[in-house]
Amino acid sequence: MNATRGRFISLEGGEGAGKSTLLAGLRERLEAHGVDLLLTREPGGTALGEAVRGILLDPAGRGMCAESELLLMFASRAQLVREVIEPALAAGRWVLCDRYVDASYAYQGGGRGQPVERIAGLEAWACQGLKPDLTLLLDLPVATGRARAAGRGEADRIESEADAFFERVRSTYRARAAAEPARFRVIDASAAPADVLQSAWQAVTPLLGSVS
Ligand code: TMP
């Protein structure tokens with residue numbers, strides 16, 4: 001089969017940044033443009049990954065050490081890359097992923113203090129060199145995001161972290177975006193949902209060149 005390889009877009013952001021709303025909006029627009037789209041998420045997206053997600057987010061799992069957390073994130077990711085993302089891209093489908101490897105740098109690196117070289121080593125091993133063509137970063141002050149997320153019921157294990165943790169997550173995301181401006185588009189997530197979608201769409205449209 002000689003399908004043109006699909007495009008890979010990841011979506012990142014802190015708690016309450018509006019990822020779900022943006023994902024739904026992007027899906028609608030991409031499909032209207034004839035893109036064969038696969039939507040997936042991390043951690044999760046495979047049977048193994050969804051089971052791992054349950055372990056990672058379970059509020060009862062308070063004793064989980066940072067090393068186990070990091071390895072579980074990459075266990076889910078290794079499976080997703082091989083079972084879902086790579087085959088879809090090879091078949092010409094586009095993949096829109098709710099979080100990818102930047103989240104490990106932000107949460108396990110910035111948030112938990114795991115060394116960046118350790119994460120880079122796991123990335124090299126687990127991700128087979130797969131990088132997004134585009135990463136959309138929904139950026140929002142921590143207090144605003146947390147206030148938005150507060151109405152969603154019981155916080156999961158990671159959502160229960162202190163503000164300082166999420167400040168480190170945010171600054172790591174922003175630093176990664178500044179270091180790789182060609183891959184990242186930083187979007188002000190405090191804007192109205194329609195404006196957030198429009199900004200994201202402006203970043204996505206150049207990728208449509210390869211689609212009819
Ligand atoms: P979400 O569905 O709200 O994005 O939940 C996923 C949670 O997992 C979120 O708190 C971010 C966290 N996470 C990490 O800490 N590291 C990772 O590599 C990924 C993919 C997610």
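Student: In this predicted model, which helices each supply at least two residues of the shell around the ligand?

Tutor: The structure is a predicted model. The shell around the ligand includes 14 residues. The helices that each supply at least two of the shell residues are α2 (47-57), α3 (66-90) and α4 (101-111).

Student: Which element gives the largest share of the shell around the ligand?

Tutor: Three helices, α2, α3 and α4, each supply at least two shell residues. The largest share is 4 residues, and the element that gives it is α4.

Student: How many residues of the shell around the ligand are charged?

Tutor: The shell is divided by class into nonpolar, polar and charged residues. The nonpolar class has 6 residues and the polar class has 2. The number of charged residues is 6.

Student: Which residues of the shell come nearest to the ligand?

Tutor: The shell holds 14 residues. Those that come nearest are R53, R77, R99, S104 and Q108.

Student: What is the distance from an oxygen atom of the ligand to an N or O atom in the side chain of R99?

Tutor: Contacts of this kind also involve other residues. A polar side-chain atom of E15 lies 3.5 Å from a ligand oxygen atom, and for R53 the distance from a side-chain N or O atom to a ligand oxygen atom is 2.7 Å. For R99, the corresponding distance is 2.5 Å.

Student: How much of the accessible area that the ligand has on its own does the protein cover?

Tutor: On its own, the ligand has 480 Å² of accessible area. The share of this area covered by the protein is 93%.

Student: What is the volume of the pocket in which the ligand sits?

Tutor: The ligand sits in the largest pocket. The volume of that pocket is about 620 Å³.

Student: Which residues lie closest to the centre of the largest pocket?

Tutor: The lining of this pocket consists of 29 residues. Two or more of them come from each of α1 (19-32), β2 (37-41), α2, α3 and α4. By class, the lining has 9 nonpolar, 8 polar and 12 charged residues. Closest to the centre are E15, K19, R53, D98 and R99.

Student: Where is R99 placed, and what is its phi?

Tutor: R99 is in the loop between β3 (94-98) and α4. Most residues other than glycine have a negative phi. R99 is not a glycine, yet its phi is positive, at about 80 degrees.

Student: Which two residues are joined by a cis peptide bond?

Tutor: Most peptide bonds are trans. The cis bond has an omega of about -15 degrees, and P43, one of its two residues, lies in the loop between β2 and α2. The residues joined are E42 and P43.

Student: What is the volume of the largest cavity?

Tutor: With 30 Å³ as the lower limit, the count comes to 1 cavity. The volume of the largest cavity is about 150 Å³.

Student: Which element gives the most to the lining of the largest cavity?

Tutor: The lining of the largest cavity has 16 residues, and the closest to its centre are G14, E15, L140, V142 and R170. By class, the lining divides into 9 nonpolar, 3 polar and 4 charged residues. Two or more lining residues come from each of β4 (134-139), α6 (142-149) and α7 (163-179). The element that gives the most, with 4 residues, is α7.

Conventions
Residues are numbered from 1 along each chain as its sequence is written. This is a predicted model: local features need pLDDT of at least 70, side-chain atom pairs count only at pLDDT 80 or more; totals for chains, interfaces and linings use all residues. Side-chain values use heavy atoms; hydrogens and water are left out. A residue is near a molecule or strand if one of its heavy atoms lies within 4 Å of it. A polar contact is a pair of N or O atoms within 3.5 Å; within protein, one must be able to donate a hydrogen and the other to accept it, and residues adjacent in sequence count only if both atoms are side-chain atoms. Accessible areas come from the Shrake-Rupley method with a 1.4 Å probe; for residues, only the protein chains shown count as cover. On a 1 Å grid over the protein atoms alone, a cavity is a set of points where a 1.4 Å probe fits but cannot get out, and a pocket is an open set with protein on both sides within 12 Å along at least five of seven lines; lining residues have an atom within 4 Å of a point. A molecule sits in a cavity or pocket if more than half of its atoms lie within 2 Å of its grid points. Ala, Val, Leu, Ile, Met, Phe, Trp, Tyr, Cys and Pro count as nonpolar, Asp, Glu, Lys and Arg as charged, and the others, Gly among them, as polar. Grid points are joined across faces, edges and corners, and a volume is the space filled by probe spheres set on the points.
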